[in-house]
Amino acid sequence: MSAPTMEERKACWGARDEFWQCLDRHGDDASQCEKLRLSFESRCPQQWVKHFDKRRDFLKYKKKLETEGYHPPEAAGKS
C-alpha cells in the first residue's frame with residue numbers, strides 16, 4: 001500500500017469527522033449513520049478505520065473517567 005496523498009487523507013478525515021458527528025448526534029446509534037460509515041470505510045485505508053474506531057472508544061472512555069471518575073468494581077480485591 002502506498003501512502004495516501006494529501007487529498008486522500010483530507011477525504012478520509014472528513015468522512016471520519018462526519019461519521020463521528022452523526023454518532024454524537026444519535027447517541028452512538030450506528031444504524032442512523034450507516035451511509036456515513038460506508039463512506040468512511042471507502043475513503044480510508046482499513047488499518048486507519050481500525051485505528052480511528054479504537055481512538056473513538058478511547059476518547060469516550062477518557063471523557064467518562066474525567067467526568068465521572070474511576071469507580072473500581074466492588075468485587076475487586078476480595079476473595
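Trp20, Leu23, Asp24, Gly27, Asp28, Arg56, Leu59, Lys60 and Lys63 line the largest pocket of this predicted model. That pocket has a volume of about 160 Å³. Two of its lining residues, Trp20 and Leu23, also belong to the largest nonpolar core, a set of 11 residues. Salt bridges come to a count of 6, and four of the charged residues are joined through shared partners into one network: Asp24, Asp28, Arg56 and Lys60.

**Largest pocket**

- Helices H1 and H3 are the elements that give two or more residues to the lining of the largest pocket.
- H3 makes the biggest contribution to that lining, with 4 residues.
- By residue class, the lining divides into 5 charged, 3 nonpolar and 1 polar.
- Asp24, Asp28, Arg56 and Lys60 are among the lining residues, and these four are also linked by salt bridges that share partners.

**Nonpolar core**

- The largest nonpolar core consists of Cys12, Ala15, Phe19, Trp20, Cys22, Leu23, Cys33, Phe40, Cys44, Val49 and Phe52.
- Two elements give two or more residues to this core: helix H1, spanning 6–25, and helix H3, spanning 46–68.
- H1 supplies the largest share of the core, 6 residues.
- Cys12, one of the core residues, touches Phe40, Arg43, Cys44, Trp48 and Phe52 when residues up to four places away in sequence are not counted.
- Of those partners, Phe40, Cys44 and Phe52 are themselves listed in the core.

**Arg16 and its surroundings**

- Arg16 is located in helix H1.
- Arg16 counts as buried because its relative accessibility is 16%, and buried means under 20%.
- Leaving aside neighbours within four places in sequence, Arg16 is in contact with Phe40 and Phe52, two residues that also appear among the contacts of Cys12.
- Arg16 forms a salt bridge with Asp17, in which the closest N and O atoms are 2.9 Å apart.
- Asp17, at 33% relative accessibility, counts as partly exposed, whereas Arg16 is buried.

**Salt bridges of Arg37**

- Arg37 forms a salt bridge with Glu41, with the closest N and O atoms 2.8 Å apart.
- Both residues of this pair lie in helix H2, which covers residues 34–43; Arg37 and Glu41 are 4 residues apart, about one turn of the helix.
- Glu41 counts as partly exposed, with a relative accessibility of 36%.
- Arg37 also forms a salt bridge with Asp53, where the closest N and O atoms are 2.8 Å apart.
- Because Arg37 lies in helix H2 and Asp53 in helix H3, this pair ties together parts that are 16 residues apart in sequence.
- Asp53 is partly exposed, at 24% relative accessibility.

**Lys10**

- Lys10 has its place in helix H1.
- Lys10 counts as exposed because its relative accessibility is 55%, and exposed means over 50%.
- Between Lys10 and Gln21 the C-alpha to C-alpha distance is 16 Å, and the two are 11 residues apart in sequence.
- Helix H1 therefore holds both an exposed residue, Lys10, and a buried one, Arg16.

Methods:
Residues are numbered from 1 along each chain as its sequence is written. This is a predicted model: local features need pLDDT of at least 70, side-chain atom pairs count only at pLDDT 80 or more; totals for chains, interfaces and linings use all residues. Side-chain values use heavy atoms; hydrogens and water are left out. A nonpolar core is a set of buried Ala, Val, Leu, Ile, Met, Phe, Trp, Tyr and Cys residues joined through side-chain atoms within 4.5 Å. Buried means under 20% relative accessible area, exposed over 50%, partly exposed in between (1.4 Å probe, protein chains only). Contact means heavy atoms within 4.5 Å. On a 1 Å grid over the protein atoms alone, a cavity is a set of points where a 1.4 Å probe fits but cannot get out, and a pocket is an open set with protein on both sides within 12 Å along at least five of seven lines; lining residues have an atom within 4 Å of a point. Grid points are joined across faces, edges and corners, and a volume is the space filled by probe spheres set on the points. Ala, Val, Leu, Ile, Met, Phe, Trp, Tyr, Cys and Pro count as nonpolar, Asp, Glu, Lys and Arg as charged, and the others, Gly among them, as polar. A salt bridge is a side-chain nitrogen of Lys or Arg within 4 Å of a carboxyl oxygen of Asp or Glu.
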